[in-house]
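This report is a guided reading of one protein chain, going from single side chains to whole strands and helices. Please keep the sequence and the structure in view while you read.

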Amino acid sequence: MKKVYTLIYIVLSAYLFIGCSTEPVEFERFEAVFEFLEISMPEQINHDFKLPTHSAATISWTYNGELLDGGFIYQSPFVDEMQSITAHIRINRTTHSFDLPIYVLASDSARNINTIHITMDRTLNQVSRTEYNDIDIEVRGSVNGQVVDIYQTDQALIRGRGNSTWDMPKKPFRIRFIEGVSILGLPKARDYVMLAEYSDKSLLRNTVAHKLSSMLEHIDHVIQTRVNGIYEGVYTLTEQVELREEKLFFESKAGVVDTGYFLELDHRFFEKGGVENVDGIVVAGQPYEILNPNTSNNNYTLEQTVFIKQYIIDMETALSNKVGYDAFIDVDNWIDYFIVQELFKNVDVGYSSINIYKLPGGKIKLGPLWDFDLSMGNADYIDYSPYNWYGMTQYKNRWFRLMMAIPEIRQMFKDRYIEIYYDYIPKLLDGIDLMYEAMAPFAQRNFNRWQILGQYVWPNPPGIVNSTTYEGQIEYLTKYIKDRSDWMLLAVQSQNFSNGYF
């Protein structure tokens, strides 16, 4: 990478001190020191490192106006970006400062070249969705430009996961470790998910949704992702949605009625063998699986099920009556959550993967946001166009519909969306371009392995099928978000929206 630097001249007054030379220093000596520092710096930065020194000079460094104490502390930018670090080179009584461009990678950038190597006594096609298989696993990645072994163990497990995605040729998986471990900077956990993104030919829809939600202050925890290239193609390594101290965490005790609760709206509840009032509840025809507390725990009581069910009934009554609802829900959180769902026109907004939690003595909140591969125009069995309201319409998300029937919430939704449109969406669209640049070479290898560009993969609409290059897939995605966000900007300012007509 060609590096360009700017010279900043700082000439200190020369005073005579015993033992200090006052002879003028040729500028070429400063340039020589800087050239040494320049080649000693990593070209791509994604980790902490010790800053270089030189025997012929005293070096100090500043970054974003702050003096560094001998080392660079990595913090992930939103997307890969060129930044600048300044070397202050002092020889005798003279100091010259040089700006050095540095390329700082986002933690989820494909340029990190993360790879997962799995060894087991069977092929991936023989892995079951219901039973774990023993595996050896090795994780490698690029640390400041050098490929290194990050983690390895011969005590891990793998099984399949997913519903409709499990029937596709490229399978999604769950990885389980014997004890909690942080992989590639993700929160420490035993369980990780490898999303195949087979139908999503942009390979980025889940990551884009998480990127936007990371900017929204009313979403408590954002699922993190890492892009991984393995011999089976590009996978998105991500967190398992769960309660854990390093993630979304609160007290959720079996046997305590007003404890914390974690639920999921999931219309596959009965299909998965769920039993009403044992594994979950049904309110107004909507099934909610109780994930925490663990209903299988011997201390769990029926009173806990009755408590959370009655709370939801009372909450829905308040929403229907348009009064007192703010005692039951965190309105700002609900608005941010459903703006993301609606902006991306997620097909599952009223069906599954809607995570719900209530802290002890607290209100109901929504999140983390999850499962966006069938969104952003990638579902031919709905109105997938970038126009028209979706999530709060009849037979979609009941809670979204109830809250949008309240004039005060509609006004808050409108104001918040306009803020997001101007402050966050341009940054997101610029970020997609940079994510594409990082992903492109790995995407090419993925589509060499899975030759599906130009072919129909359920539920691709014609625009995705007809985009026969990876660049075309990203153009489709970017245009969809731009058109959808523009349409919503006009829609929230319309008289129909003000009157509650969707």
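## Charges over rings

The charged end of K427 sits over the ring of F78, at 4.6 Å from the centre of that ring. As you look for this arrangement, keep in mind that the structure is a predicted model. A second case involves W166, whose face has K171 lying over it, 5.1 Å from the ring centre.

## Aromatic pairs

How many aromatic pairs does the structure hold? The number is 32, and one of them is formed by Y151 and F177, which meet edge-to-face with 5.6 Å from centre to centre and 85° between the planes. This pair links distant parts of the chain, since Y151 belongs to strand β11 (residues 146-160) and F177 to strand β12 (residues 173-181), 26 residues apart. Is Y151 partly exposed or buried? Y151 counts as partly exposed because its relative accessibility is 25%, whereas F177, at 3% relative accessibility, counts as buried.

A further pair is made by F344 and F372, which is edge-to-face because the ring planes stand at 85°, with the centres 6.2 Å apart. This pair, too, links distant parts of the chain: F344 is in the loop between α4 (331-343) and β19 (354-358), while F372 is in the loop between β20 (364-366) and α5 (398-404), 28 residues apart. F344 has a relative accessibility of 1% and therefore counts as buried, and F372 counts as buried as well, with a value of 0%.

Ring pairs can also join into a cluster, and here they link Y288, W334, Y337, F338, W389, W399, F400, F413, W487, F497 and F502.

## An open sheet and its helices

Five strands form an open sheet in the order β17-β18-β16-β19-β20, and their pairing is antiparallel. Which strands are the edge strands? They are β17 (280-283) and β20, each of which pairs on one side only. On average, neighbouring strands of this sheet are turned by 30° against each other, if direction is ignored. Within the sheet, strand β16 (residues 261-265) pairs with β19 in the antiparallel sense over five bridges, and L265 has I354 in β19 as its bridge partner.

Two helices can be placed against these strands. Helix α3 (residues 302-321) lies across β16, β17, β18 (286-292), β19 and β20, and it runs at about 25° to β17. Helix α4 packs on the sheet as well, where it touches β19 and β20, and its direction makes about 25° with that of β20.

## Strand β13 and its partners

Strand β13 (residues 189-195) is mostly covered, as six of its seven residues are buried. Two pairings of β13 can be followed here. With β12 it pairs in the antiparallel sense over five bridges, and in this pairing V181 stands opposite A189 of β13. With β15, β13 pairs in the antiparallel sense over four bridges, and the bridge partner of V193 in β15 is T238.

When you trace such strands, a general point may help: in a regular strand the side chains alternate between the two faces of the sheet.

## Two buried residues with polar contacts

E232 is found in the loop between β14 (225-230) and β15 (233-239). Is E232 buried or exposed? With a relative accessible area of 11%, E232 falls under the 20% limit and is therefore buried. Its side chain makes a polar contact of 3.3 Å with the side chain of R449. If residues up to four places away in sequence are not counted, E232 touches L124, K170, R449 and W450.

Y103 lies in strand β8 (residues 94-104), and a relative accessible area of 13% means that Y103 is buried. The side chains of Y103 and R111 are joined by a polar contact of 3.2 Å. A separation in sequence can also be set beside a separation in space: Y103 and L157 are 54 residues apart in sequence, and their C-alpha atoms are 36 Å apart.

Technical notes
Residues are numbered from 1 along each chain as its sequence is written. This is a predicted model: local features need pLDDT of at least 70, side-chain atom pairs count only at pLDDT 80 or more; totals for chains, interfaces and linings use all residues. Side-chain values use heavy atoms; hydrogens and water are left out. Rings of Phe, Tyr and Trp (its six-membered ring) pair if their centres lie within 6.5 Å; planes under 30 degrees apart count as stacked, over 60 as edge-to-face and the rest as tilted. Buried means under 20% relative accessible area, exposed over 50%, partly exposed in between (1.4 Å probe, protein chains only). A charge sits over a ring if NZ of Lys or CZ of Arg is within 6 Å of the ring centre and within 35 degrees of the ring normal. Two strands pair if DSSP finds at least two bridges between them. Axes are lines fitted to C-alpha atoms, for helices over the stretch in contact, and angles run from 0 to 180 degrees between N-to-C directions. Contact means heavy atoms within 4.5 Å. A polar contact is a pair of N or O atoms within 3.5 Å; within protein, one must be able to donate a hydrogen and the other to accept it, and residues adjacent in sequence count only if both atoms are side-chain atoms.
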